[in-house]
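Here are some notes for a colleague on the structure shown below, set out as numbered points. They take up single residues, a helix pair and a nonpolar core in turn.

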Amino acid sequence: MEDKELVSRIKTGDKSAFDELYDKYHLSLYRNAYLITGRQQDAEDVLQETFVTAFFHMKELKNADSLKAWLFRIMTRQAVKSCKKGAREIPDETVVEQSDLRTLADHEEYDHAERIARRNEMQKLLSEIDYKHREVIVLYYYEEMSVSEIAKTLGCFEGTVKSRLHAARDLMKEVLMNTETDFFVQSREVARHA
């Protein structure tokens with residue numbers, strides 16, 4: 001269903017239209033919130049706040065064609081608030097996934113274990129850079145938004161997005177160079193125990 005029609009129905013009070021909106025966008029919003037915050041619980045909170053905010057402020061949306069960018073702007077702001085709360089403990093889901101990695105390796109399901117290790121490593125890599133750079137990386141590479149779409153979503157200039165993307169790539173490269181050796185050592189260790 002077209003975003004314009006959804007927005008129109010929601011503005012007239014059609015609650016099923018809001019359910020359709022949720023069904024259409026919740027997975028990509030959640031995934032990106034998780035990548036920005038680095039924690040499942042925080043991502044769930046961000047997703048909930050995003051839709052609550054959208055529900056109460058839908059009438060303020062002037063251009064229904066920019067619904068997706070508007071939702072991502074809300075999500076990004078909520079995720080940034082979550083990131084600003086300070087340093088976090090190790091997320092429970094990371095601990096579970098690491099123990100799953102050992103279990104899977106023990107059962108010779110190494111390919112799946114390697115995918116989990118790579119996903120954990122990417123999440124760790126993203127968590128090593130600040131949220132301003134993390135959000136542009138997530139929106140550009142995971143959500144496949146253009147520079148202009150990201151600028152609209154974040155409410156900044158395209159030049160700012162380009163600058164942050166360039167800086168974020170450099171930061172990630174630097175972090176990767178420092179952690180690459182550790183990752184390969186861990187991968188060999190898992191393979192040895194398989």
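1. Phe51 has a relative accessibility of 6% and counts as buried, because buried residues are those under 20%. The model is a predicted one, and this value, like the others in this note, should be read with that in mind.

2. Phe51 has its place in helix α3, and, leaving out residues up to four places away in sequence, it touches Phe18, Leu21, Tyr22, Tyr25, His26 and Leu29. Phe51 also lies 8.7 Å from Ile74, C-alpha to C-alpha, although the two are 23 residues apart in sequence.

3. The helix that holds Phe51, α3, spans residues 40-57, and its axis comes within 9 Å of the axis of helix α4, residues 67-84, with a crossing angle of roughly 135°. That angle makes α3 oblique to α4, and the crossing of the two helices is right-handed.

4. On the α3 side of this contact are Asp42, Val46, Glu49, Thr50, Thr53, Ala54 and His57, which meet Trp70, Leu71, Ile74, Met75, Gln78, Ala79 and Ser82 of α4. By character, the residues of the contact divide into seven nonpolar, five polar and two charged.

5. The largest nonpolar core has 47 residues, of which Leu21, Leu29, Met58, Leu67, Trp70, Leu71 and Met75 touch the most other members. Two or more residues of this core come from each of α1 (3-11), α2 (15-37), α3, α4, α6 (110-127), α7 (131-142), α8 (147-154) and α9 (158-193). Trp70, Leu71 and Met75 thus appear both in this group and on the α4 side of the contact with α3.

6. Which residues does Met58 contact, leaving aside its neighbours within four places in sequence? They are Val7, Ile10, Lys11, Leu21, Leu67 and Trp70, and of these Leu21, Leu67 and Trp70 are named, with Met58 itself, among the core residues that touch the most other members.

7. Thr76, whose place is in helix α4, is buried, with a relative accessible area of 3%. Not counting residues up to four places away in sequence, Thr76 touches Glu135, Leu139, Thr153 and Leu154.

8. Thr160, in helix α9, is partly exposed at 28% relative accessibility, because that value lies between the 20% cut-off for buried and the 50% cut-off for exposed. The C-alpha atom of Thr160 is separated by 9.5 Å from that of Val147, which is 13 residues away along the chain.

Note on methods: Residues numbered from 1 in each chain as written. Predicted model: local features only at pLDDT ≥ 70, side-chain atom pairs only at ≥ 80, totals over all residues. Heavy atoms only, no water. Axes fitted to C-alpha atoms, helices over the stretch in contact; angles between N-to-C directions. Helix = DSSP H or I, 4+ residues; strand = E, 2+ residues; numbered from the N terminus. Parallel < 35°, antiparallel > 145°, perpendicular 65-115°, else oblique. Left-handed = near helix turned anticlockwise from the far one by under 90°. Contact = heavy atoms within 4.5 Å. Nonpolar A, V, L, I, M, F, W, Y, C, P; charged D, E, K, R; others polar. Core = buried A, V, L, I, M, F, W, Y, C linked by side-chain atoms within 4.5 Å. Buried < 20%, exposed > 50% of the residue type's maximum accessible area, 1.4 Å probe, protein only.
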